[in-house]
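Work through the exercises below with the model open beside you. Try each task before reading its solution.

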Amino acid sequence: MNLLLIEDDPQVAGEIVAALQARGYVVVHCSDGRAGQEAALLGEHGLIITDRMLPGVDGLDIVTS
């Protein structure tokens, strides 16, 4: 399954990506809201995991768009 992670903290994102990849998931990571929103609209992701407070576009706006 392809997952999209939108997280601006590099340490947190690295830990989440490593844990998910270790379980066999393909993870696309975006570090800001605008890039994450674009990836969410264009990509085929089985699940989107997003931070709420992101630079550019808020995570809640991404989920509701």
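**Exercise 1. Decide how covered strand 1 is, then find its partners and the handedness of its crossover.**

Step 1. Start with cover. Strand 1 spans residues 2-6, and four of its five residues are buried. Buried means under 20% relative accessible area, exposed over 50%, and partly exposed in between, with a 1.4 Å probe and protein chains only. Strands (E, at least two residues) and helices (H or I, at least four) are DSSP runs, numbered from the N terminus.

Step 2. Fix the ground rules. This is a predicted model, in which local features need pLDDT of at least 70 and side-chain atom pairs count only at pLDDT 80 or more, while totals for chains, interfaces and linings use all residues. Residues are numbered from 1 along each chain as its sequence is written, and side-chain values use heavy atoms, with hydrogens and water left out.

Step 3. Look for the pairing with strand 2. Two strands pair if DSSP finds at least two bridges between them. Strand 2 covers residues 26-30 and pairs with strand 1 in the parallel sense, over five bridges. Asn 2 has Val 26 of strand 2 as its bridge partner. Leu 5 has His 29 as its bridge partner in strand 2.

Step 4. Trace the connection. From strand 1 the chain passes through helix 1 (residues 10-22) to strand 2, a right-handed β-α-β crossover. Right-handed means that, with the strands pointing away from the viewer, the path from the first strand over the helix to the second runs clockwise.

Step 5. Turn to strand 3, residues 47-50. Strand 3 runs parallel to strand 1, and four bridges join them. Opposite Leu 4 stands Ile 48 of strand 3.

**Exercise 2. Write out the order of elements along the chain and judge its compactness.**

Step 1. Count the elements. The protein chain has three helices and three strands.

Step 2. Read them in order. The pattern along the sequence is β-α-β-α-β-α.

Step 3. Compare sizes. The radius of gyration is 11 Å, close to the 11 Å from the globule rule for 65 residues, so the chain is as compact as a globular protein of that length. The radius is taken over C-alpha atoms, and the rule is 2.2 Å times the number of residues to the power 0.38.

Step 4. Add the dimensions and the cover. The C-alpha trace spans about 30 × 25 × 15 Å along its principal axes. Of the 65 residues, 26% count as buried.

**Exercise 3. Locate Met 1 and describe the nonpolar patch it helps to form.**

Step 1. Place the residue. Met 1 sits in the segment before strand 1.

Step 2. Classify it. Met 1 counts as exposed because its relative accessibility is 58%.

Step 3. Find the other members. Met 1, Tyr 25 and Leu 47 make a nonpolar surface patch of about 300 Å². Patches take residues with over 30% relative accessible area and no salt bridge; like charges are joined within 9 Å, and nonpolar side chains (Val, Leu, Ile, Met, Phe, Trp, Tyr) within 5 Å. Areas come from the Shrake-Rupley method with a 1.4 Å probe, and for residues only the protein chains shown count as cover.

Step 4. Check a distance. The C-alpha atoms of Met 1 and Val 26 are 6.3 Å apart, with these positions 25 residues apart along the chain.

**Exercise 4. How many salt bridges does a search of the whole structure find?**

Step 1. Apply the criterion. A side-chain nitrogen of Lys or Arg must lie within 4 Å of a carboxyl oxygen of Asp or Glu.

Step 2. Run the search. It finds one salt bridge.

Step 3. Name the pair. Arg 52 bridges to Asp 58, with the closest N and O atoms 3.0 Å apart. Asp 58 counts as partly exposed because its relative accessibility is 23%.

**Exercise 5. Compare the exposure class of two helix 1 residues with that of a helix 3 residue.**

Step 1. Take helix 1. Gln 11 lies there and is exposed, at 58% relative accessibility. Gly 14 is also in helix 1 and is partly exposed, at 37%.

Step 2. Take helix 3, residues 59-64, which holds Asp 61. Asp 61 is partly exposed, at 44%.
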